[in-house]
Amino acid sequence: MSKMDYQRQRLMEADQTQMTYQDLNSENVKTYLAEHTDLFPPDTPLKVYEYGRNERDGDGYVNHIYRVWNEKTGKSVVVKQAKPYIKAFGTGRVPLEADRNVTETAIVKLRSAIVPQYVPCLYHADAENYLYVCEDCGHLAVMRYELCRGHSFPFFPKQIGEYMAMCNFYTSELYLDPITHKELACRFVNPHMRRIMETILFSQESFVTEEVLAELVRDPAHQTISDYFWEKEELRIELLKLRDIYMKKSECLQHGDLHTSNIMIGPGEMRVFDMEYTHMGPYSADAGYLGGNLLYAYIAWFYRKSGTERARAEYRYEILSYLRDMTAEYMRVFAECWRRDARKLFREAHAYRESLFANFIREMCGFMGSQIISRVGGLAELPDFDTIEDPDDRNQARVLAMILAYYLVMDREKMSGIDDIIDLVQRVAGKFAKG
């Protein structure tokens with residue numbers, strides 16, 4: 001079967017799947033909540049807002065997400081429904097398995113048992129309709145856009161470091177017995193969603209059609225930048241090595257899509273969302289993925305106009321401190337979990353733990369680079385750079401990002417600690433950044 005025939009078959013299957021469940025929208029979601037939950041009293045007048053209508057929502061790109069609230073009392077919830085296609089490209093154009101929501105519901109429940117303070121409360125789950133209802137965290141803000149505005153979150157490194165360390169440790173074989181760990185791996189195989197990441201993070205291939213890919217090319221200069229780096233054979237080889245690590249390591253249940261648009265944050269408070277990509281993978285994958293996203297904010301502040309030059313430099317330093325401190329906190333919390341709860345086989349194996357930390361740093365560095373290459377080299381929208389006013393500056397930011405990604409991938413084996421990664425970032429930025 002050709003790739004085009006396969007895509008057509010998937011689209012037909014998507015259309016058929018869509019007919020088997022209740023297709024929610026901004027109107028009938030109110031009826032659904034009244035008929036299937038007791039979250040609101042009967043006959044409550046409800047208001048609805050669908051995420052994705054505002055460019056700063058930070059969500060609604062893949063799934064259909066609704067905020068529903070009682071205008072009189074202010075009580076509100078969020079309804080998330082997965083449909084058998086990616087919302088942003090239109091009905092049925094890019095198929096995606098709707099049961100990803102069932103996987104996400106299960107992992108939200110699991111992580112709620114590990115780090116309830118960092119996961120939205122789950123109120124209602126409906127596997128037949130591929131949806132769940134959860135806490136409305138509208139009092140928090142999408143982190144990506146807050147970084148674009150230059151806002152500070154001094155508690156973030158501690159919070160995200162603890163989140164990653166505890167989620168990783170308590171879904172690993174360091175804590176779980178081997179059978180339970182393997183059963184967990186089987187439960188979250190998640191082949192369709194992980195196929196997306198195994199493809200886009202490490203190659204120029206895509207899971208969408210050429211027609212849809214063409215729509216992403218809005219700036220020919222951006223295409224040129226992308227092609228220049230993808231043509232480097234030595235880079236493609238190292239990305240395949242990273243892909244091998246990503247595919248073969250089954251250490252813990254990673255989030256799979258941990259970026260700054262999937263983190264909502266406020267003064268002293270944080271929630272992590274969108275866990276539909278979860279599967280067993282390396283300890284280092286989420287930290288690398290998030291680290292690459294933090295570097296977008298770092299790079300963008302070389303090219304933004306707001307504030308003084310000194311203020312912009314201080315904010316760049318602050319972002320790098322987030323990267324440094326979240327990694328230190330990750331290792332501190334992971335080591336504490338190990339000391340307290342590791343299985344007897346591992347508890348006193350301190351040299352083994354240190355070897356895992358050494359691998360973590362090298363892999364994290366490489367995954368930071370692969371994340372940048374996949375996003376900037378993949379031509380997808382990226383608000384961190386898209387909000388830079390001057391088009392030449394936008395492309396300079398893209399060039400700097402791709403150069404930095406190149407070195408993060410190629411020099412990862414030289415990294416012995418997070419300070420080495422920070423030093424590499426600063427050296428490359430000092431040489432190639434504007435001004």
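Tyr-130 sits in the loop that runs between strand β4 (122–126) and strand β5 (131–135). Its phi angle is near 50 degrees, a positive value in a residue other than glycine. Tyr-130 counts as buried, because its relative accessibility is 17% and the cut-off for buried is under 20%. The model is predicted. The points below cover a second residue with positive phi, the nonpolar cores, the salt bridges, a buried aspartate and the cysteines.

**Another positive phi angle**

- Asp-43 has a phi near 65 degrees, again a positive value in a residue that is not glycine.
- Asp-43 belongs to the loop between α2 (28–36) and β1 (46–50).
- Is Asp-43 buried or exposed? Asp-43 counts as exposed, because its relative accessibility is 78% and exposed begins over 50%.

**Nonpolar cores**

- In soluble globular proteins, nonpolar side chains tend to be buried together.
- The largest nonpolar core here has 118 residues, and the members that touch the most other members are Phe-156, Ile-160, Tyr-163, Leu-295 and Phe-385.
- Helix α12 (residues 309–341) gives the most to this core, with 13 residues.
- A second core, separate from the largest one, has 13 residues, among them Val-29, Leu-39, Val-68 and Val-79.
- Beyond the residues up to four places away in sequence, Phe-385 touches Tyr-296, Ile-299, Ala-300, Val-376, Arg-394, Ala-397, Arg-398 and Ala-401.

**Salt bridges**

- Side chains of opposite charge can pair when their charged atoms come close.
- How many salt bridges does the model contain? The count comes to 31 salt bridges.
- One of them joins the side chains of Glu-135 and Arg-271, with 3.4 Å from N to O. Glu-135 is in strand β5 and Arg-271 in strand β9 (residues 269–272), so distant parts of the chain, 136 residues apart, are linked by this pair. Both Glu-135 and Arg-271 are buried.
- Glu-363 and Lys-249 form another salt bridge through their side chains, at 2.6 Å from N to O. Glu-363 is in helix α14 (residues 350–376), while Lys-249 is in the loop between α10 (233–248) and β7 (252–254), so the pair ties together parts 114 residues apart in sequence.
- The two partners have separate exposure classes: Glu-363 is buried, with a relative accessible area of 8%, and Lys-249 is partly exposed, with a relative accessible area of 24%.
- The side chains of Asp-386 and Arg-398 also meet in a salt bridge, at 3.5 Å from N to O. Asp-386 lies in helix α15 (residues 383–386) and Arg-398 in helix α16 (residues 391–410), so this pair ties together parts that are 12 residues apart in sequence.
- Asp-386 is partly exposed, with a relative accessible area of 34%, whereas Arg-398 counts as buried at 7% relative accessibility. Arg-398 is also among the residues that Phe-385 touches.
- Salt bridges also form a network, which links Glu-336, Arg-339, Arg-340 and Asp-341.

**A buried aspartate without a salt bridge**

- Asp-286 is part of helix α11 (residues 285–300).
- Asp-286 is buried but has no salt bridge. Arg-111 is the nearest side chain of opposite charge, 5.2 Å away, and a salt bridge needs the charged atoms within 4 Å.
- Which backbone nitrogen lies 2.6 Å from a polar atom of the Asp-286 side chain? That nitrogen belongs to His-255.
- Leaving aside neighbours within four places in sequence, Asp-286 is in contact with Met-164, Gln-254, His-255, Gly-256 and Leu-258.

**Cysteines**

- A disulfide is a covalent bond between the sulfur atoms of two cysteines.
- The structure holds zero disulfides.
- Why does Cys-167 have no such bond? The closest cysteine sulfur, in Cys-252, is 9.0 Å from the sulfur of Cys-167, too far for a bond. The cut-off for a disulfide is within 2.5 Å.
- For Cys-365 the closest cysteine sulfur is also in Cys-252, at 19 Å, which is too far for a bond.
- Cys-167 counts as buried at 3% relative accessibility, and Cys-365 is buried with a relative accessible area of 0%.

Key
Residues are numbered from 1 along each chain as its sequence is written. This is a predicted model: local features need pLDDT of at least 70, side-chain atom pairs count only at pLDDT 80 or more; totals for chains, interfaces and linings use all residues. Side-chain values use heavy atoms; hydrogens and water are left out. Helices (H or I, at least four residues) and strands (E, at least two) are DSSP runs, numbered from the N terminus. Buried means under 20% relative accessible area, exposed over 50%, partly exposed in between (1.4 Å probe, protein chains only). Lys and Arg count as positive and Asp and Glu as negative; His and the chain ends are not counted. A polar contact is a pair of N or O atoms within 3.5 Å; within protein, one must be able to donate a hydrogen and the other to accept it, and residues adjacent in sequence count only if both atoms are side-chain atoms. Contact means heavy atoms within 4.5 Å. A nonpolar core is a set of buried Ala, Val, Leu, Ile, Met, Phe, Trp, Tyr and Cys residues joined through side-chain atoms within 4.5 Å.
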